[in-house]
Amino acid sequence: MTAALSPARRARDLEATAGALVDVVVVGGGVTGAGVALDAAARGLSVVLLERTDLAAGTSRWSSKLVHGGLRYLAHGEIGLARESARERAVLMGTTAPHLVRQLPFLIPDAAGRDVSALGAVGGRLGDLVRLSVAGGRGSLPSTRRVDADAVGRLVPAVRPGRGGVVFWDGQLSDDVRLVVALARTAAAHGARVLTGATVTAVDGAVDGAASGSVEVHADVDGEALTLRARTVVNAAGVWAQRLAPGIRLVPSRGSHLVLRADRLGSPSAALTVPLPGSRSRYVFALPQADGLVYLGITDEPVDGPVPDDDAQPSDAEVQQLLATVNQVLAEPLTSADLVGAYAGYRPLVLPASAGAGPGDATADLSRKHLLAWDGPVLSVVGGKLTTYRAMAEEAVDAVVERLGGTARSTTARLPLVGAAPRIALDALPAPARLVARYGTEAADVEALGPDLVVAGRPETVGELRFAVRAEGARTVADLLDRRTRFGLVPEDRARAVPVAEQVLADEL
Ligand SMILES: Cc1cc2nc3c(=O)[nH]c(=O)nc-3n(C[C@H](O)[C@H](O)[C@H](O)COP(=O)(O)OP(=O)(O)OC[C@H]3O[C@@H](n4cnc5c(N)ncnc54)[C@H](O)[C@@H]3O)c2cc1C
């Protein structure tokens, strides 16, 4: 079966889904849901994924786009979590998505304080040891090292000159949405039916827990009612998971990033890393992107009350906190006039069952773990990280398979996502490196759709938008500009791109 999520495939899948009985319905098309759909479909289960908006419409597109080895976990002595992160990073970089993850140096300049960079060096070396202890870790990243003032000037030219620093390495996604789209399409290639614009409104029916038992899943698909039957339901609705499973307790927090032009920091090749004042484990990162932008993040603000459906926005206080932190080490301070965009997302942090009644009873570290909990035929899988989505999905589908009385084992650690190939093969592809980093082995197909740019001054081509409609399930302007491409991170550029996106939709649909 093809990995193309084309309009024709959607129509066929929709028709086949109405009234059908399937092994697993997955609710939510973020990294968790897409990962679960792939793991289940690859084991031979029949799978329908229902996503209310679009792939990666929720938290998964607002991340820092890092595939990280869990240095922060190490700082808190969470060796198990750090090893899991390092192992999953090696799987992504070595097997499942080498095209989407690149090696990124992180610079902690001595300008932040010699004690700060010394502590960073200790953390980086511990991270190296963890990396060497997991399969595929050796050789996947360079080791932590001290660098002189010249190197600091080359890596991040905007840092106050004259002092050295410490460099450690981690993984960076070309784009978090690309990972989710690749997961959903690979699941589709294994037979999963992936339906966006499909809001699950209720799950009900007899619950007997046996393999033959099933429930009714009700959804609203573009305003039309859809009902199907499922032996199990996996609730991967992120910070909105409580709506289907009121019993789970979440303590969401908002994380924000600012967007600026890379030349404002001298077009850095490393991620500038500066600790938040008073913290030994929380850093602000200025993360260079492939498209001439830098994302500056991250904050961690508790959110009171129910999480809204609308996108989160950074508060003024968060903007000032991020600028003030990074300005400590810059020769010329940044101001809000340097910002061309900003974004924020809600972390699906889980309050452990053992915690007391109030959010204050959860520690930040406990809540970084994911939750797996059955409520009748509904298995909620919430929390974790983008980096560890595969391990979470494997654990969730193990539980589903056990519930269904099967024995099939997960194959996803060895299953390349659509577009993946060994690094050496990717480097030899006859296509622009920028497209290879987003589409992998499909880069030539995208290039063949034409070189015309969507708007002047941005690298995205009209061919990318056409490919998004033909093969990646994009159906709206927002799908094209806020998810398959990331124009939306710079509102001014997005506004210029809207007429082109509208024309592509008119041509293709
Ligand atoms: C600011 C920030 C930075 C981060 N940075 C990193 C990082 O650098 N690296 C890393 O590894 N992790 C990072 N994380 C964590 C990571 O982004 C999240 O853990 C992960 O994206 C959560 O994915 P998810 O699929 O569980 O949730 P989501 O992506 O939110 O997906 C849930 C989906 O469910 C859908 N949905 C909700 N209700 C329904 C319904 N009733 N019917 C159908 N669909 C529904 C939503 O539309 C949504 O698409 C970061 C998180 C934040 C907030």
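## Helix 13 against helix 15

Helix 13 and helix 15 sit oblique to each other, because their axes cross at roughly 45°, and angles between 35 and 65 degrees fall outside both the roughly parallel and the roughly perpendicular classes. This is a predicted model, so keep that in mind throughout. Helix 13 covers residues 462-471 and helix 15 covers residues 491-508, and their axes come within 10 Å. The crossing of this pair is right-handed.

Who touches whom here? From helix 13 come Val462, Leu465, Arg466, Val469 and Arg470, and they meet Val500, Ala501, Val504, Leu505, Asp507 and Glu508 of helix 15. Sorted by class, that contact has 7 nonpolar and 4 charged residues, with no polar ones.

## Helix 9 and its two partners

Helix 9 (residues 389-404) packs on helix 2 (residues 31-42) at an angle of about 55°, and their axes are 8 Å apart. That angle makes helix 2 and helix 9 oblique too, and their crossing is right-handed. On the helix 2 side the contact uses Val31, Thr32, Gly35, Val36, Asp39 and Ala40, while helix 9 puts in Tyr389, Met392, Ala393, Glu394, Ala396 and Val397. The split is 8 nonpolar, 2 polar and 2 charged residues.

Helix 9 also meets helix 4 (residues 79-96): the axes come within 8 Å and cross at roughly 100°. Helix 4 is therefore roughly perpendicular to helix 9. Glu84, Glu88, Val91 and Leu92 of helix 4 touch Tyr389, Arg390 and Ala391 of helix 9. Here the classes come out as 4 nonpolar and 3 charged residues, with no polar ones. Tyr389 turns up in the contact with helix 2 and again in the one with helix 4.

## Around the ligand

Which residues come nearest to the ligand? There are 36 residues around it, and Thr32, Glu51, Ser60, Leu66 and Thr387 come nearest. Thr32 has another role in this picture, as one of the helix 2 residues in the contact with helix 9.

Now for some polar atoms. Glu51 places a polar side-chain atom 2.7 Å from an oxygen atom of the ligand. Gly58 takes part through its backbone, with a polar atom there 3.4 Å from a ligand oxygen atom. For His68, an N or O atom of the side chain is 3.5 Å from a nitrogen atom of the ligand.

Conventions:
Residues are numbered from 1 along each chain as its sequence is written. This is a predicted model: local features need pLDDT of at least 70, side-chain atom pairs count only at pLDDT 80 or more; totals for chains, interfaces and linings use all residues. Side-chain values use heavy atoms; hydrogens and water are left out. Axes are lines fitted to C-alpha atoms, for helices over the stretch in contact, and angles run from 0 to 180 degrees between N-to-C directions. Helices (H or I, at least four residues) and strands (E, at least two) are DSSP runs, numbered from the N terminus. Angles under 35 degrees count as roughly parallel, over 145 as roughly antiparallel, 65 to 115 as roughly perpendicular and the rest as oblique. A crossing is left-handed if the near helix is turned anticlockwise from the far one by less than a right angle, and right-handed if clockwise. Contact means heavy atoms within 4.5 Å. Ala, Val, Leu, Ile, Met, Phe, Trp, Tyr, Cys and Pro count as nonpolar, Asp, Glu, Lys and Arg as charged, and the others, Gly among them, as polar. A residue is near a molecule or strand if one of its heavy atoms lies within 4 Å of it. A polar contact is a pair of N or O atoms within 3.5 Å; within protein, one must be able to donate a hydrogen and the other to accept it, and residues adjacent in sequence count only if both atoms are side-chain atoms.
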